[in-house]
Amino acid sequence: MCQSEARRGPELRAAKWLHFPQLALRRRLGQLSCMSRPALKLRSWPLTVLYYLLPFGALRPLSRVGWRPVSRVALYKSVPTRLLSRAWGRLNQVELPHWLRRPVYSLYIWTFGVNMKEAAVEDLHHYRNLSEFFRRKLKPQARPVCGLHSVISPSDGKILNFGQVKNCEVEQVKGVTYSLESFLGPRISTEDLPFPPATPCGSFRNQLVTREGNELYHCVIYLAPGDYHCFHSPTDWTVSHRRHFPGSLMSVNPGMARWIKELFCHNERVVLTGDWKHGFFSLTAVGATNVGSIRIYFDRDLHTNSPRYSKGSYNDFSFVTHANKEGIPMRKGEHLGEFNLGSTIVLIFEAPKDFNFKLKAGQKIRFGEALGSL
């Protein structure tokens, strides 16, 4: 036997040894292709996890026999975030022993940079459970409301994006958009509106703009876990309608918002619509992972994060009745609602063309500070 053949001997034996597993894998993948989609997803999920966790190329041989990993986005969407959020919500309600409160809350304060000097009650022993600590109130002087500007920040947080709405698409972060109609849902009946739409037809954006010469604007504010968790009315306006979209509870941090297109349309959210002095105005509270509930103080019928829901469904509720033909009046800075952890507030409103935001993308902002004015 020549030297070259001697060198190739182990390679030939390895090739023969690999031949049988590849045939077996092809047969197995053929069986998997005949399975139902849920069963197929369940079987391929463990391999996909290993594919992303193991060192690069460790499972590359599987691609030679026809296996493809589930995308990272699909893998993340398959995580039962609603179930985890409900479990987290119940854990938050568990009363902590008096001796355990200070170390638990101190760890949270240190991790997320919470400023307890602004809290109405600084004593950590006062908060019986994590839920009470998350929803802590502030001292009255901690957040002065700006009276010089027409729109203020409804919450503490980080400005992800802002500007005019163009082509019925809204940016959740720079370069990543979502559909305006998918986010707000179909236009509500004109009987529930305190004002008529400007155009009977045309794009969804044009249906929201009620007055000639106005433009549609948006602003996205991300609330981190360490931020103040209540949100307030950003201006003087009247709430006429509430639409609740049950949905996923994926993380809404800026990194995830860059990763998943139309993230805000997938997640559970509560859309409040109405009008202010310049026309249409809406505030949407978007749920997120571990946000066990979204609460609107004047809406006792609202129940979020229910165990079961139909994908793509939504529930409408009108605050305009025969007894109250205007809706719920809100004053600028008035308490509106709260989250159980961190999440996102999205404002979509119409205003004259000379409306200017006083913001920079990525800046930190606090409730009561100016968003923009004419």
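In this predicted model, S343 lies in the loop that connects β13 (335–339) with β14 (344–352). The UniProt record, an unreviewed entry, lists S343 under "modified residue: Pyruvic acid (Ser)"; such annotations may be inferred rather than shown by experiment. S343 has a relative accessible area of 0% and therefore falls among the buried residues, for which the limit is under 20%.

**The sheet around β13**

The strand that precedes this loop, β13, is itself largely enclosed by the rest of the structure, because 4 of its 5 residues are buried. Strand β13 belongs to an open sheet of 3 strands, arranged in the order β6-β13-β10 with antiparallel pairing. Since β6 and β10 stand at the edges and have a single partner strand each, one side of each is left without a neighbour in the sheet. From one strand to the next, the twist averages 20°.

On one side, β13 pairs in the antiparallel sense with strand β6 (residues 230–232) over 3 bridges, and within this pairing H232 stands opposite H335. Strand β10 (residues 294–296) is likewise joined to β13 over 3 bridges in the antiparallel sense, with F339 of β13 serving as the bridge partner of I294.

**The sheet around β17**

A further open sheet of 3 strands has the order β1-β17-β15, again with antiparallel pairing. Its edge strands are β1 and β15, each of which pairs on one side only. Strand β1 (residues 151–152) is joined by 2 bridges to the antiparallel strand β17 (residues 370–373), and the bridge partner of I152 in β17 is A370. Strand β15 (residues 356–357) also pairs with β17 in the antiparallel sense, over 2 bridges; here F357 stands opposite G372, while N356 has S373 as its bridge partner.

The strand pairings of the two sheets are set out below.

| Pair | Sense | Bridges | Bridge partners |
|---|---|---|---|
| β6 and β13 | antiparallel | 3 bridges | H232 and H335 |
| β10 and β13 | antiparallel | 3 bridges | I294 and F339 |
| β1 and β17 | antiparallel | 2 bridges | I152 and A370 |
| β15 and β17 | antiparallel | 2 bridges | F357 and G372 |

As background to these pairings, side chains in a regular strand alternate between the two faces of the sheet.

**Helix α5**

Helix α5 (residues 98–112) has 15 residues, which at 1.5 Å a residue should span 21 Å, and the 22 Å separating its end C-alpha atoms agrees with that expectation. The buried residues of α5 are R101, Y105, Y108 and I109. Because they cover an arc of only 100° around the axis, these residues are placed on the same side of α5. An α-helix has 3.6 residues a turn, so residues three or four places apart point the same way.

The buried residues of α5 pack against α6 (130–134), whereas the face of α5 turned away from its buried side carries W99, L107 and W110, which are exposed. In other words, aromatic names occur on either face, with Y105 and Y108 among the buried residues and W99 and W110 among the exposed residues. After α5 comes G113, a residue whose phi is positive, near 65°.

Definitions and conventions
Residues are numbered from 1 along each chain as its sequence is written. This is a predicted model: local features need pLDDT of at least 70, side-chain atom pairs count only at pLDDT 80 or more; totals for chains, interfaces and linings use all residues. Side-chain values use heavy atoms; hydrogens and water are left out. Buried means under 20% relative accessible area, exposed over 50%, partly exposed in between (1.4 Å probe, protein chains only). Two strands pair if DSSP finds at least two bridges between them. The expected span of a helix is 1.5 Å times one less than its number of residues. The arc is that of the directions from the helix axis to the C-beta atoms. Contact means heavy atoms within 4.5 Å. Axes are lines fitted to C-alpha atoms, for helices over the stretch in contact, and angles run from 0 to 180 degrees between N-to-C directions.
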